[in-house]
Amino acid sequence: MDLGIAGRKALVCAASKGLGRACADSLAEAGVEVTICARTRADVEATAREIGTARGIAVTALACDITTPEGREAALAAAGDIDILVNNAGGPPPGDFRDWSRQDWIAALDANMITAIELIGSTVDAMMERGFGRIVNITSGSVKSPISILGLSNGARTGLTGFCAGIARDTVRRGVTINGLLPGPFDTDRLRGNLVVRAKAAGMSYEEMYEAASAENPAGRFGTAEEFGKTCAFLCSVHAGYINGQNLLMDGGAFRSSI
């Protein structure tokens, strides 16, 4: 399927690896001029080269901390007049809410809510003026089904979700959609690292824990970054202009609901 977005410009945050990288790769495959950012220069530059070589299109790399005003300014300057914004940031650490300080909450809000809102605020008006825009917020399945030890993530990401639910109804008439993409368990470095910790605590090998954890999902497996990236690219396509203000849960059916 031709996604109809070749020649468009995109900024994909936290895209040196994992789900962000997969989104950037799928957009580049569709002919989008992609700018990716991440904190580690070596990683983000290597990813840009690899995607660019694989897809035959130049990919711009920027090392910055997107959670800071300076980082956002640099990313937007590097990306230019973007038509597609993919907001993404690593989640805050798990824990007991009784142990979190005000600063812990501020850090979570900065990374997982305020950064995305600031980037939307800096780009959405220009998108509406041009009559086309796609904003995809990568949040978490915990927005739909909260996890108690992920309270920082639950709170910050749900705040972003609520904010976007309001403004999405104002932007779509002028061609700009805003949607959330909510990953459940995906086979990424972050998930593998968590499984190492779980395996050690349970006295199991990593392989045993991986098999057991993946078998718990109704799909009998973890999601792949590639399928996540393809879904993101579709939401950014010309074919998804009537999908707006939604939160698409990708978790293999783990969240049990009739609606």
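**Notes on the fold and its cores**

1. Let's start with one residue, Leu27. Setting aside neighbours within four places in sequence, leucine 27 is in contact with Ile5, Ala10, Val12, Val32, Val34, Ile84, Val86, Ala233 and Cys236. Keep in mind that this is a predicted model.

2. Where does Leu27 fit in? The largest nonpolar core has 33 residues, and Leu27 is among those with the most contacts inside it, along with Ile5, Val12, Val34, Ile36, Ile84 and Phe228. Two or more residues each come from strand 1 (9–12), helix 1 (18–29), strand 2 (33–38), helix 2 (41–55), strand 4 (84–87), strand 5 (133–138) and helix 8 (225–235). Helix 1 gives the most, with 5 residues.

3. Another core lies apart from this one; it has 24 residues, among them Leu62, Leu76, Ile82 and Ala168. As background, nonpolar side chains in soluble globular proteins tend to be buried together.

4. Now step back to the whole chain. The protein chain has 8 helices and 7 strands. Its radius of gyration is 18 Å, close to the 18 Å that the globule rule gives for 259 residues, so the chain is as compact as a globular protein of that length. Along the principal axes, the C-alpha atoms fill a box of roughly 55 × 40 × 40 Å.

5. How many of the 259 residues count as buried? The share is 46%. Among contacts between residues at least 6 apart in sequence, 73% join residues at least 24 apart.

6. Finally, the surface and the charges. The accessible surface comes to about 12,600 Å², with 53% belonging to carbon and sulfur atoms. There are 25 positive and 29 negative side chains, and the centres of the two sets lie 3 Å apart.

Technical notes. Residues numbered from 1 in each chain as written. Predicted model: local features only at pLDDT ≥ 70, side-chain atom pairs only at ≥ 80, totals over all residues. Heavy atoms only, no water. Helix = DSSP H or I, 4+ residues; strand = E, 2+ residues; numbered from the N terminus. Rg over C-alpha atoms; globule rule 2.2 N^0.38 Å. Buried < 20%, exposed > 50% of the residue type's maximum accessible area, 1.4 Å probe, protein only. Contact = heavy atoms within 4.5 Å. Areas by Shrake-Rupley, 256 points an atom, 1.4 Å probe, with all protein chains shown as cover. Lys, Arg positive; Asp, Glu negative; His and termini not counted. Charge placed at Lys NZ, Arg CZ, Asp CG, Glu CD. Core = buried A, V, L, I, M, F, W, Y, C linked by side-chain atoms within 4.5 Å.
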